[in-house]
Amino acid sequence: MPEFTHTVRSLTYPECPRWRGDRLYFSDFFTNRILSVSLSGEVRCEVVVPNQPGGLGFLPDGRLLFVSVKDRRIMRRDGAESVVHADLSEVVPHHLNDMVVDAEGRAYVGNMGFDLRGGRPVAPADLWRVDPDGTFERVAEDLAFPNGSVITPDGRTLIVGESFANRLTAFDLEDGRLSGRRTWARFGEPPTTTDAGELISTVDVSADGIALDAEGAIWVTDPPHRRVLRVAEGGESLAEHVFDQGAYACALGGPGRSTLSVCLAPTWDATEAAALSGASIVQIPVDVPGAGIP
């Protein structure tokens with residue numbers, strides 16, 4: 001077990017952590033809340049999201065953007081109110097998922113591509129860009145469960161975890177457009193099965209949440225194997241921490257961005273997770289600080 005301290009306990013399923021100011025913001029899926037926690041451990045409810053919160057980000061003026069998963073909307077926090085920023089329900093057939101917001105306020109959001117909880121066959125998904133005015137455009141197609149994403153400090157590369165393809169995929173990023181698609185890190189052969197349960201049990205690294213550091217390495221959570229890996233471009237593992245629960249997301253934050261926060265949960269089953277409230281977020285000190293967005 002790694003050396004770590006708990007930031008917050010008694011959660012259902014923490015996901016999509018983002019460090020901003022002096023707080024860690026995150027979604028607790030099955031209580032339908034976006035929470036934040038201070039360095040001293042003080043927890044605050046930021047937003048209630050009836051249709052389940054997902055990916056988080058911030059506009060240049062500091063307003064919170066967040067995914068409303070089940071109704072496939074991007075929401076915006078305006079003062080004390082939550083308003084619809086973009087409604088993707090007509091173009092995205094299944095639940096929205098994680099999201100990264102660039103320095104200009106453009107949000108890049110993935111989706112599951114198929115009914116995961118309903119036991120449907122695995123199918124590819126798209127990545128959508130939502131502009132600050134709420135208009136949106138498909139910017140990448142045929143991704144295998146696009147999940148956590150990062151943007152490099154120069155703003156010129158977006159890297160996304162393909163949870164069901166054994167890889168991290170990079171794109172050149174210019175004026176909101178994605179091009180030059182390539183494999184940034186390869187962990188094994190892409191699975192050929194369309195059975196989600198079989199796929200999850202056989203994939204080498206199921207990249208979920210990710211975090212970029214100042215040396216260009218990426219921390220990758222791998223829920224089926226209950227670990228977080230630090231990997232170099234190409235896929236070489238540089239460090240690994242293994243837990244007794246699934247590791248679903250991570251962020252580099254805290255003073256100097258030198259603390260790795262990892263979201264842990266005993267299950268992703270909604271009923272079990274809500275009943276157990278056994279999930280938590282832990283902190284691990286790191287030698288190389290975070291970089292880029294988020």
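Two strands are said to pair if DSSP finds at least two bridges between them. The legends below apply this to a predicted model.

**Figure 1. Strands β10 and β11 pair in the antiparallel sense.** Four bridges join β10 to β11, with β11 covering residues 107-111. Within this pair, V101 has A107 of β11 as its bridge partner. The two strands form a hairpin with five residues between them. In the turn, G105 has a positive phi of about 90°. Strand β10 spans residues 96-101, and six of its six residues are buried, so the strand is largely enclosed by the rest of the structure.

**Figure 2. Strands β7 and β8 form a hairpin.** β7 (residues 64-68) and β8 (residues 73-78) are antiparallel and share four bridges. S68 is matched with R73 in β8 as its bridge partner. Four residues lie between the strands, and R72 in the turn has a positive phi of about 60°.

**Figure 3. Strand β8 also pairs with β9.** β9 covers residues 81-87 and runs antiparallel to β8, with six bridges joining the two. M75 stands opposite V84 in β9. This hairpin has two residues between the strands, and G79 takes a positive phi near 60° there.

**Figure 4. The loop between β13 and β14 holds A144 and F145.** The loop follows β13 (136-143) and leads to β14 (146-151). A144 has a relative accessible area of 21%, so this residue counts as partly exposed; the cut-off for buried is under 20%. F145 has a relative accessible area of 7% and is therefore buried. Phi of F145 is near 60°, a positive value in a residue other than glycine. Most residues other than glycine have a negative phi. Leaving aside residues up to four places away in sequence, A144 touches E162, S163, F164 and A165. D126 is 18 residues from A144 in sequence, and their C-alpha atoms are 8.7 Å apart.

**Figure 5. D175 sits in the loop between β16 and β17.** The flanking strands are β16 (167-174) and β17 (177-186). Phi of D175 is near 50°, which is positive although the residue is not glycine. D175 is exposed because its relative accessible area is 62%, and the cut-off for exposed is over 50%.

**Figure 6. A cis peptide bond joins I293 to P294.** Omega of this bond is near 0°. Most peptide bonds are trans. P294 lies in the segment after β24, a strand that spans residues 279-285.

**Figure 7. The whole chain gives the setting for the close-ups.** The chain contains two helices and 24 strands. Its C-alpha trace spans about 45 × 45 × 40 Å along the principal axes. The radius of gyration is 17 Å, which agrees with the value near 19 Å for a compact globule of 294 residues. Of the 294 residues, 56% are buried. Among contacts with a separation of 6 or more, 43% are between residues 24 or more positions apart. The accessible surface comes to about 12,100 Å², and 45% of this area belongs to carbon and sulfur atoms. The chain has 27 positive and 42 negative charges, with mean positions 3 Å apart.

How values were computed. Residues numbered from 1 in each chain as written. Predicted model: local features only at pLDDT ≥ 70, side-chain atom pairs only at ≥ 80, totals over all residues. Heavy atoms only, no water. Buried < 20%, exposed > 50% of the residue type's maximum accessible area, 1.4 Å probe, protein only. Contact = heavy atoms within 4.5 Å. Rg over C-alpha atoms; globule rule 2.2 N^0.38 Å. Areas by Shrake-Rupley, 256 points an atom, 1.4 Å probe, with all protein chains shown as cover. Lys, Arg positive; Asp, Glu negative; His and termini not counted. Charge placed at Lys NZ, Arg CZ, Asp CG, Glu CD.
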